[in-house]
Amino acid sequence: VRFIIFINAIVFAIWMWGDVSWMAQNFLVSWDLLEKGRYWILLSSVFSHNMFFHLFINMFVLHSFGSVMELFLGRAQFLLLYLITGIMASLGASVAVAGIVMVFSFMFPQHKILLFAIVPIPAIWGALAFIGLDLWGLYEQSQGGGFPIGHGAHLGGAFSGILYYFLLIR
């Protein structure tokens, strides 16, 4: 988990102080880039955030859930989970975090988590709230509003995490 957070922080720093054009060509997924043979973006985007708040929230959630998941799954399977869920949705690093949250919630559905860092709720309810928030966000974006966050990608990561749980863990 710490290594993944470190890599995300380094990639963020390059976004902030490096060549933004080069970063966009190598760390953002688009059909145009895939058609040009830049297949590595399916992996590099899994470590990419270009807004501090988005990076902070995702790394906080990754540390919170990922540390437990890494203990239970082991480093190799945890890294596999992070990469598979990220690549499956291939639209950003938070996608892998969504997958990890889903696997955690299915493995420990009654474990108490703090919604908004205040309200204790069972993990499975938090996961469902996370999905609901992204469904709402995706709807808002389809209406021309919402935040510039990959809600569809989060949902893809969550779905990938659920599949990972049922196919490889359970």
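**Exercise 1. In which helix is the place of Leu-83? Classify its exposure and find its contacts.**

Solution. Begin with the model itself: it is predicted.
- Step 1. Locate the residue. Leu-83 sits in helix H6, which covers residues 75-89.
- Step 2. Classify it. Leu-83 has 22% relative accessibility, so it counts as partly exposed. The buried class would require under 20%.
- Step 3. List the partners. With neighbours within four places in sequence set aside, Leu-83 touches Leu-43 and Phe-47.
- Step 4. Place the first partner. Helix H4 spans 41-44, and Leu-43 is a contact of Leu-83.
- Step 5. Compare sequence with space. Leu-83 and Ala-153 are 70 residues apart along the sequence, and their C-alpha atoms are 14 Å apart.

**Exercise 2. Describe the protein chain as a whole.**

Solution. Work from the elements to the overall dimensions.
- Step 1. Count the elements. The protein chain holds nine helices and two strands.
- Step 2. Read their order. From the N terminus it goes α-α-α-α-α-α-α-β-β-α-α.
- Step 3. Test the radius of gyration. A compact globule of 170 residues would come out near 15 Å; the protein chain has 16 Å, so the two agree.
- Step 4. Add the span. Along the principal axes, the C-alpha trace extends about 45 × 40 × 30 Å.
- Step 5. Check burial. Of the 170 residues, 41% are buried.
- Step 6. Check the contacts. Among those with a separation of 6 or more, 59% link residues 24 or more positions apart.
- Step 7. Look at the surface. About 9,600 Å² is exposed, and carbon and sulfur atoms supply 72% of that area.
- Step 8. Look at charge. There are 6 positive and 6 negative side chains, and the centres of the two sets are 14 Å apart.

**Exercise 3. Is His-154 buried or exposed? Describe its surroundings.**

Solution. Go from the helix to the partners.
- Step 1. Locate the residue. His-154 belongs to helix H9, residues 151-169.
- Step 2. Classify it. The relative accessibility of His-154 is 8%, so this residue is buried.
- Step 3. Find the polar partner. The side chains of His-154 and Asp-134 share a polar contact of 3.0 Å.
- Step 4. Widen the view. Beyond four places in sequence, the contacts of His-154 include His-54, Ser-94, Val-95, Ala-98, Phe-130 and Ile-149. Asp-134 is on that list too.

**Exercise 4. Which backbone oxygen lies 3.4 Å from a polar atom of the Ser-48 side chain?**

Solution. Place Ser-48, then look for the oxygen.
- Step 1. Ser-48 lies in a loop, between helix H4 (41-44) and helix H5 (52-73).
- Step 2. Its relative accessible area is 11%, so Ser-48 is buried.
- Step 3. The oxygen in question belongs to Phe-27.

**Exercise 5. Set two loop residues, Gly-37 and Phe-147, side by side.**

Solution. Take each residue in turn.
- Step 1. Gly-37 is in the loop between helix H3 (31-35) and H4. Its relative accessibility is 27%, so Gly-37 is partly exposed.
- Step 2. Gly-37 and Met-51 are 14 residues apart along the chain, with 26 Å between their C-alpha atoms.
- Step 3. Phe-147 is in the loop between helix H8 (123-142) and H9. Its relative accessibility is 55%, so Phe-147 is exposed.
- Step 4. Phe-147 and Phe-6 are 141 residues apart in sequence, and their C-alpha atoms are 26 Å apart.

Methods
Residues are numbered from 1 along each chain as its sequence is written. This is a predicted model: local features need pLDDT of at least 70, side-chain atom pairs count only at pLDDT 80 or more; totals for chains, interfaces and linings use all residues. Side-chain values use heavy atoms; hydrogens and water are left out. Helices (H or I, at least four residues) and strands (E, at least two) are DSSP runs, numbered from the N terminus. The radius of gyration is taken over C-alpha atoms; the globule rule is 2.2 Å times the number of residues to the power 0.38. Buried means under 20% relative accessible area, exposed over 50%, partly exposed in between (1.4 Å probe, protein chains only). Contact means heavy atoms within 4.5 Å. Accessible areas come from the Shrake-Rupley method with a 1.4 Å probe; for residues, only the protein chains shown count as cover. Lys and Arg count as positive and Asp and Glu as negative; His and the chain ends are not counted. The place of a charge is taken as NZ of Lys, CZ of Arg, CG of Asp or CD of Glu. A polar contact is a pair of N or O atoms within 3.5 Å; within protein, one must be able to donate a hydrogen and the other to accept it, and residues adjacent in sequence count only if both atoms are side-chain atoms.
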